[in-house]
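Good morning, colleagues, and thank you for making time for this presentation. I would ask you to keep the sequence and the model in view while I speak.

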Amino acid sequence: MADVSRHAAELLRASDVVDLHVDSFIATRLFGYDLNRRHARPGPLRGLFLGHLDFPRAIEDGLTGAMWSITTNPFRRAAARWRVFLRNVDRLRAQLDASGGRVRLARTFAEYRAARVAGAHACLPAIQGGNALAAAPAGCASIPENFVTRVTLVHLTSSLYGATSSPLALGGRNAPLGEAGRALVAELDRHRVFVDLAHIGERGFFDAVAAHDRSLPLLVTHTGVSGVRPHWRNLSDAQIRAIAETGGTVGIIFHQGFLAAPGGPRDGRMVVDHMEHVIRVAGEDFVSIGSDYDGMITPPEGLRAAPGYAQLAQWMLDRGWSDARVAKILGGNFLRCFAALRP
């Protein structure tokens, strides 16, 4: 870590560092990628698409917690999506059990703190693609042992819950949320599960905000911002403000395809550009990290694989940002939301 100062390394070690979106469990499901094995960095694909993170590297690189996602296959029938989700809960639990206590389940802020006291990494399980729940017999109440901390309403395809922001959206990206989507938002609020508005089309986004209990924080876990790079995947300033008004936070993704702007940096400093824009629009209390590691992304240089978090802290300090601001972005902002939603 030649480019990381002692100050940055010490700040990282002293801070809570929470990544709002890690997709490494996809590889576990597809080809048995063992999250408990320390894989080569940056791996055989040289940091492209997969091979970014595992439990040992997360711990070594100072990541104290992360939302490890169970991503829904939208092409299965609803009943099959639910059955597969339940199997994947068991598979993720098995990975946690095999960690020898190095990784602990954290469904509440108190469980996160307990994991920290024990010196363990905190796994906050999440669903990407709310249609995993479409055939759940009692909706969120069917999820075993309150296992899930967050649900991303839609993913790269539209569903009964709303339209994706992707150009592949059937029926158009500007479709309204719909009755099922509004009902899911209300149900997630009742069960104190984070509503994640990453991936949803702009009209559906604001419909979800309107349906949401505004006393609870909203998330956008992994995104860029259009104020730096106009893109269908990125948030407008109005969307950023809408999240901030609920006391929520916006996690900045590490995918260079959504971040890189003409004349802007070619390395991971582009992530800091997007963070800086959120700060200008809403303030320093409403921006976080949401890498999307192992989500088939191409991170910029310096973030191709862990130890990217230390390098990111260094780049934030290089902007003249205070230690307090950097610590908020590394994890403090999200943990404020977590303590408010699930003490």
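I will speak about strands, then a helix, then the open and enclosed spaces, and finally a few single residues. Please bear in mind throughout that this is a predicted model.

Let us begin with strand β2, which spans residues 65-71. Is this strand buried or exposed? It is mostly covered, since 7 of its 7 residues are buried. The covering applies to both faces. On one side we find Gly 65, Met 67, Ser 69 and Thr 71, and on the other Ala 66, Trp 68 and Ile 70, all of them buried.

Which strands does β2 pair with? One is strand β1, residues 18-22, which pairs with β2 in the parallel sense over 3 bridges. Within that pairing, Val 22 stands opposite Trp 68. Another is β4, joined to β2 by 7 bridges, and these two strands also run parallel. Here Gly 65 has Ala 122 of β4 as its bridge partner. Trp 68 and Gly 65, which we have just met as partners of other strands, lie on opposite sides of β2 in the list I gave a moment ago.

I turn now to a second group of strands. Strand β7, residues 219-223, is likewise mostly covered, with 5 of its 5 residues buried. A set of 3 bridges joins β7 to strand β8, residues 249-252, and the two run parallel. In this pair, Val 220 stands opposite Val 250 of β8. What lies between the two strands in the unit they form? Helix α8, residues 237-245, completes a β-α-β unit with β7 and β8, and that unit is right-handed.

The next element is helix α10, residues 269-282. It has 14 residues and reaches 20 Å from its first C-alpha to its last, which is close to the 20 Å expected at 1.5 Å a residue. Why may we call this helix largely enclosed by the rest of the structure? The reason is that 10 of its 14 residues are buried. Among the buried residues are Met 270, Val 271, Asp 273, His 274 and His 277. Arg 280 also belongs to helix α10, but this residue counts as exposed, because its relative accessibility of 57% is over the 50% cut-off. The C-alpha atom of Arg 280 is separated by 9.8 Å from that of Asp 237, although the two residues are 43 apart along the chain.

We come to the spaces in the model. How much space lies in the largest pocket? The figure is about 480 Å³. There are 26 lining residues, and the closest to the pocket centre are Asp 23, Ile 26, Thr 71, His 155 and Met 296. Two elements give two or more residues to this lining, namely α2, residues 25-31, and α4, residues 78-97. Of the elements, α4 gives the most, with 4 residues. By class, the lining comprises 9 nonpolar, 10 polar and 7 charged residues.

There is also an enclosed space to consider. The count comes to 1 cavity of 30 Å³ or more. The largest cavity has a volume of about 70 Å³. Its lining includes Arg 29, Ile 70, Thr 71, Asn 73, Phe 85 and Ala 132. The elements giving two or more residues to this lining are β2 and α4. Here too α4 gives the most, with 4 residues. The cavity lining divides into 5 nonpolar, 4 polar and 3 charged residues. Thr 71 therefore deserves a second look on your screens: this residue is among the closest to the pocket centre, it lines the cavity, and it is buried in β2.

Lastly, I draw your attention to two residues with a positive phi. Asn 146 has a phi near 55°, a positive value in a residue other than glycine. It is placed in the loop between β4, residues 121-128, and β5, residues 150-152. Asp 294 has a positive phi of about 70°, and it is not a glycine either. Asp 294 is found in the loop between β9, residues 287-289, and α11, residues 308-318. Which of the terms buried, partly exposed and exposed applies to each? Asn 146 is partly exposed, with a relative accessible area of 41%, whereas Asp 294 is buried, at 1%.

That concludes my presentation, and I thank you for your attention.

Key
Residues are numbered from 1 along each chain as its sequence is written. This is a predicted model: local features need pLDDT of at least 70, side-chain atom pairs count only at pLDDT 80 or more; totals for chains, interfaces and linings use all residues. Side-chain values use heavy atoms; hydrogens and water are left out. On a 1 Å grid over the protein atoms alone, a cavity is a set of points where a 1.4 Å probe fits but cannot get out, and a pocket is an open set with protein on both sides within 12 Å along at least five of seven lines; lining residues have an atom within 4 Å of a point. Grid points are joined across faces, edges and corners, and a volume is the space filled by probe spheres set on the points. Ala, Val, Leu, Ile, Met, Phe, Trp, Tyr, Cys and Pro count as nonpolar, Asp, Glu, Lys and Arg as charged, and the others, Gly among them, as polar. Buried means under 20% relative accessible area, exposed over 50%, partly exposed in between (1.4 Å probe, protein chains only). Two strands pair if DSSP finds at least two bridges between them. A crossover is right-handed if, with the strands pointing away from the viewer, the path from the first strand over the helix to the second runs clockwise. The expected span of a helix is 1.5 Å times one less than its number of residues.
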